[in-house]
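Colleague: Could you take me through one part of this model closely, starting with a single strand and working outwards? I'd like one connected account rather than a list.

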Amino acid sequence: MTTRLADIAAQAGVSEATVSRVLNGKPGVAATTRQSVLAALDVLGYERPVRLRQRSEGLVGLITPELENPIFPALAQVIGQALTRQGYTPVLATQTPGGSTEDELTEMLVDRGVAGIIYVSGLHADTTADMQRYERLRARGVPFVLVDGFSPKVQAPFISPDDRAAMALAVTHLASLGHTRIGLALGPKRFVPVQRKIEGFVRTVQEQLGLAAETVETELVQHSLYTLEGGQAAASALMDRGCTAVVCASDMMALGAIRAARQRGLEVPTDISVVGFDDSPLIAFTDPPLTTVRKPVPAMGQAAVRTLLEEIGGTPAPHSEFVFMPELVVRGSTASAPGERNRP
């Protein structure tokens, strides 16, 4: 206990006696000091004494796709922690193939009286989906925020990464390494993030390599599934077309691309370069460590919570899209194009 008091005191920048007073609910401690001690407890991973725990402000639903892609648990963790800090209890509802639909999960959460809902990569990202479902939800008085996707038909705050800029970063990096035949592997075309990535990719390949837009779209863009197997199939098709570098729309697809290269007896990055997207947890420790475009998950998750709480509090954020800038993280899966290394 004494060691714990010392740790908390050091973290909060106060005396052990002050920590003891806070933990025992004694008076005579300034509100800011009390908050510093409680924050130190949270940071060090100690549970708050029951009497000091915030009363729950209510439940907030978080609807995500399957959790096999590690970027979704990472985002869920950021959102969950941010909600908990504000006194809300997050309820994670996950869509799985053959399981509950987004509409069924929404109904379940509304029936439980949630204060609001955050949707991640939901039907709002699908250009073929009926957007009336969100207007019906708004009519029922349930605040919500939409992450990863955009529709002008929905009056709500959207939180997105800049997908076009992400592709510009990846292509510019590969072009600087001498690659002239760069492919893009990504999911089905009906999704907004996919369409934006294509726009960014086509424009940057045109600017950097002087190829016609039609050539880029027909020869260098390959649609598949957002899975390891999907990345493997897409990368294989792009390699058949002579690509020496492949940009993938998720890290999982990028791992599939590396597998496709190895099945052909090719080395990454000696024979072919691969770039991912997300910078999922543990992706820095793959073989080789993956060059990727980092999705700004902490900033996006915190913005989603802040925006939702403004909606719940009756001071809605503008019904517009908040776009966050991604960042290129260069690791070991990209190198000079094969022909470039032989030049003097």
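Modeller: Here is a walk through strand S4 and its surroundings, with a few other spots in the chain afterwards. Keep in mind that this is a predicted model.

Let's start with S4 itself, which covers residues 144-147. In a regular strand, side chains alternate between the two faces of the sheet. In S4, Phe 144 and Leu 146 are on one side, while Val 145 and Val 147 are on the other. These four residues are all buried, so both faces of the strand are covered.

Now for the neighbours. On one flank is S3, residues 116-120, which runs parallel to S4 and is joined to it by four bridges. If you want a landmark for the register there, use Ile 118, whose bridge partner in S4 is Val 145. Strand S5, residues 158-161, also runs parallel to S4, this time with two bridges. The landmark for that pairing is Leu 146, which stands opposite Phe 158 in S5. So what you get from Val 145 and Leu 146 is a handle on each pairing: Val 145 pairs with Ile 118, and Leu 146 faces Phe 158, with bridges defined by the DSSP pairing.

Step back and you see the whole sheet. It is open, has six strands in the order S2-S1-S3-S4-S5-S11, and the pairing is parallel. S2 (88-94) and S11 (321-324) are the edge strands; each has a single partner, so one side of each lacks a neighbour in the sheet. From one strand to the next, the twist averages 20°. Going from S3 towards S2, you reach S1 (residues 58-64). S1 pairs with S3 over four bridges, again in the parallel sense, and Gly 61 stands opposite Ile 117 of S3.

How does the chain get from S3 to S4? By way of helix H6, residues 132-139: S3, H6 and S4 make a right-handed β-α-β unit. H6 lies across both of those strands and runs at about 155° to S4. Helix H4, residues 71-85, lies across S1, S2, S3 and S4, and its angle to S2 is about 160°. That puts S3 and S4 under both helices in the list of contacts: H6 lies across them, and H4 does too.

There's a backbone oddity in the loop between S3 and H6, and that is Ser 121. Its phi is positive, about 45°, although it is not a glycine. Ser 121 is partly exposed, with a relative accessible area of 27%. Asp 279 is another non-glycine with a positive phi, here about 60°. Asp 279 sits in the loop between S9 and S10, and at 16% relative accessible area it counts as buried.

That S9-S10 loop also holds Pro 288, and the peptide bond from Asp 287 to Pro 288 is cis, with omega near -5°. The bond from Val 268 to Pro 269 is cis as well, with omega near 10°. Pro 269 is in the loop between helix H11 (251-263) and strand S9 (273-278).

While you're looking around, a word on the cysteines. A search of the whole structure turns up zero disulfides. For Cys 243, the nearest cysteine sulfur is that of Cys 248, 11 Å away, whereas a disulfide needs the two sulfurs within 2.5 Å. Cys 243 is buried at 7% relative accessible area, and Cys 248 is buried at 0%.

One more buried spot is Thr 204, in helix H8 (residues 192-209). Its relative accessibility is 4%. Leaving aside residues up to four places away in sequence, Thr 204 touches Ala 168, Val 171, Thr 172 and Leu 209.

Finally, the wider setting. The protein chain has 12 helices and 12 strands, and 48% of its 344 residues count as buried. Its C-alpha atoms fill a box of roughly 75 × 50 × 35 Å along the principal axes. Of the contacts between residues at least 6 apart in sequence, 69% join residues at least 24 apart. The accessible surface comes to about 15,700 Å², with 52% of that belonging to carbon and sulfur atoms.

Key: Residues numbered from 1 in each chain as written. Predicted model: local features only at pLDDT ≥ 70, side-chain atom pairs only at ≥ 80, totals over all residues. Heavy atoms only, no water. Buried < 20%, exposed > 50% of the residue type's maximum accessible area, 1.4 Å probe, protein only. Right-handed = clockwise from strand over helix to strand, strands pointing away. Axes fitted to C-alpha atoms, helices over the stretch in contact; angles between N-to-C directions. Contact = heavy atoms within 4.5 Å. Areas by Shrake-Rupley, 256 points an atom, 1.4 Å probe, with all protein chains shown as cover.
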